[in-house]
Amino acid sequence: MNYWQVILGNFGSITLNLIFFIWMSWILLGRIPNRGGRRMALCLIYVLILVLIQSSLGALCYLKGVWKWNYGIGRFLWQYFVLAGGALLLRWMYQVSFRNCCLAAVMAEILCSYGELLSQLYVYGKFYDLAVLNQRQEYLFWMFVIRPGCLLLCSLVIHKSGMGDLYRNWMEQKRMHKGIIAFIALCPLIYIALETAGQEPEGASLLLPLALLMMTHMILAYVVRDQEQKQYIAAQQASLAQQTIYIEKMEQIQSEVRRFRHDFKNMTAGMYLKAQEGDIEALQSFIQEMTEDFDRQAGEQVRLLNQLANVRMTEIKGLLLEKLARMQKEGICCDLEVLRPFEATRMRSTDLCRCLGILVDNAMDEVRGRKDARIHLMISSREGCTTFRVRNTLCGEVDFRRLGMEGYTTKGEGHGIGLGNYRRIVEKYDFVFPFTAIQEGDFVQEFQIQEV
């Protein structure tokens, strides 16, 4: 076979491999963000270029006998060359860190090898002479019918097994065990080394993918279960902290009510004298002042607790309680408005807490130490959309052209990082829409989450 015939034969096989590689990556990393038609077109062009490069170089390696190098060195180099191309493709599509793309590429290759395992059972022990018509037809039937069918079946099984959820939960951890990262990264090398060292490499090639897949699945399941236990303990600690804050708020309300009750007899005595004199206007004014005093002493705390009761998501409630307690200590006026019960959202809880925390911290920095400055927090949870809005009194000037850029700040040296992180987090989601404006002298930052 000449060079161009080999390229043509490789083109269909590599295209099929890349399709299932992207599918497995989708299982692991989730839905590909929609970043516009132009970017999707560029992704398709990149895929086509990647197929052409791998087809041509693969043909050259085949004709030069690279696959027959001692100790499987040729196959090892080729495997990691393919993985590097896949990692760059994932980097382009998902816009996540290159390390995560490399790990996802290796994991996707391990998952695809599970489908290869089943398809190899059909041709185990057979040798095809492609010059013979019947054998060429049987080989093509395996290549474009049996093999895709096995890959499709295994993809569905892996998707239903929850492997993607395990992997994404593992990737969300703040600290990932370096040993697990090394194991995943070296899986192709381990596979090639064991296959080369075995006395029956063909039999080993049928069993090793399954063994590596099961081992990887067990490791991720163990790590994720351990992380879930830690998260459960952290959630319990957060719940205790919330209960402590609730108790402190209730004690404050009870103390204010006792003070109001202590003065109530004196206030009613004065009101009784006004009533006897028939001074209705003075009586109305007295009642209004008494009501305002009660609102100042206890009413605001009661309204705040009523609004917090509508926040059903533990992580967000804990964040709001911590921020509100800090603002109360610093003497910052803050209003909280939760229009409807907020229970859940599509956005990851860690990213949601980071985004909301950044906006609230920036608002606090802006109004801290300013008289007559306020912060208004609003959560609106409607069918199909959840909105988080942070509104604060604007005490300076804002350059909207540079807002969100790394290093830009109006607060001095050591700031200017938060909004850059906020922008990067939001850009990961194609269903989250940020909004920034100045309205009636207030600086408004909000983001909407499309839930359906």
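## Exercises on a sheet, two helices and two serines

An open sheet of five strands runs in the order β1-β2-β3-β5-β4, and its pairing is mixed. The model you are looking at is predicted, so keep it open beside you as you work.

**Exercise 1. Find which strands stand at the edges of the sheet, and explain why one side of each is left without a neighbour.**

Solution. Start from the strand order, β1-β2-β3-β5-β4. The two ends of that order are β1 (333-338) and β4 (432-439). Each of these has a single partner strand, so one of its sides has no neighbour in the sheet. From one strand to the next, the twist averages 10°.

**Exercise 2. Describe how β4 pairs with β5, and say which helix packs on the sheet.**

Solution. First look at the direction: β4 and β5 (residues 442-450) pair in the antiparallel sense, over eight bridges. One bridge to look for joins Q439 to D442 in β5. Next, turn to the helix. Helix α11 (residues 349-367) packs on the sheet and touches β2 (374-382), β3 (385-393) and β5. Its direction makes about 15° with that of β3.

**Exercise 3. Decide how α1 and α6 are oriented to each other, and list the residues that make their contact.**

Solution. Begin with the axes. Those of helix α1 (residues 3-29) and helix α6 (residues 163-171) come within 7 Å and cross at roughly 60°. Angles of 65 to 115 degrees count as roughly perpendicular, and those under 35 as roughly parallel. The two helices α1 and α6 are therefore oblique to each other. Now for the residues: α1 brings W26, I27, L28 and L29, while α6 brings G164, Y167 and R168. Sorted by class, the contact has five nonpolar, one polar and one charged residues.

**Exercise 4. Work out whether S55 and S381 are buried or exposed, and find what each one touches.**

Solution. The cut-off you need is that buried means under 20% relative accessible area.

- *S55.* This residue sits in helix α2 (residues 37-63). Its relative accessibility is 0%, so S55 counts as buried. A polar atom of its side chain lies 2.7 Å from the backbone oxygen of V51. Leaving aside neighbours within four places in sequence, S55 is in contact with I7, N10, F11 and I14.
- *S381.* You will find this residue in strand β2. With a relative accessible area of 14%, S381 is buried. Leaving aside neighbours within four places in sequence, S381 is in contact with R340, P341, F342 and T386.

Conventions. Residues numbered from 1 in each chain as written. Predicted model: local features only at pLDDT ≥ 70, side-chain atom pairs only at ≥ 80, totals over all residues. Heavy atoms only, no water. Pairing = 2+ DSSP bridges. Helix = DSSP H or I, 4+ residues; strand = E, 2+ residues; numbered from the N terminus. Axes fitted to C-alpha atoms, helices over the stretch in contact; angles between N-to-C directions. Contact = heavy atoms within 4.5 Å. Parallel < 35°, antiparallel > 145°, perpendicular 65-115°, else oblique. Nonpolar A, V, L, I, M, F, W, Y, C, P; charged D, E, K, R; others polar. Buried < 20%, exposed > 50% of the residue type's maximum accessible area, 1.4 Å probe, protein only. Polar contact = N/O pair within 3.5 Å; in protein donor to acceptor, adjacent residues only side chain to side chain.
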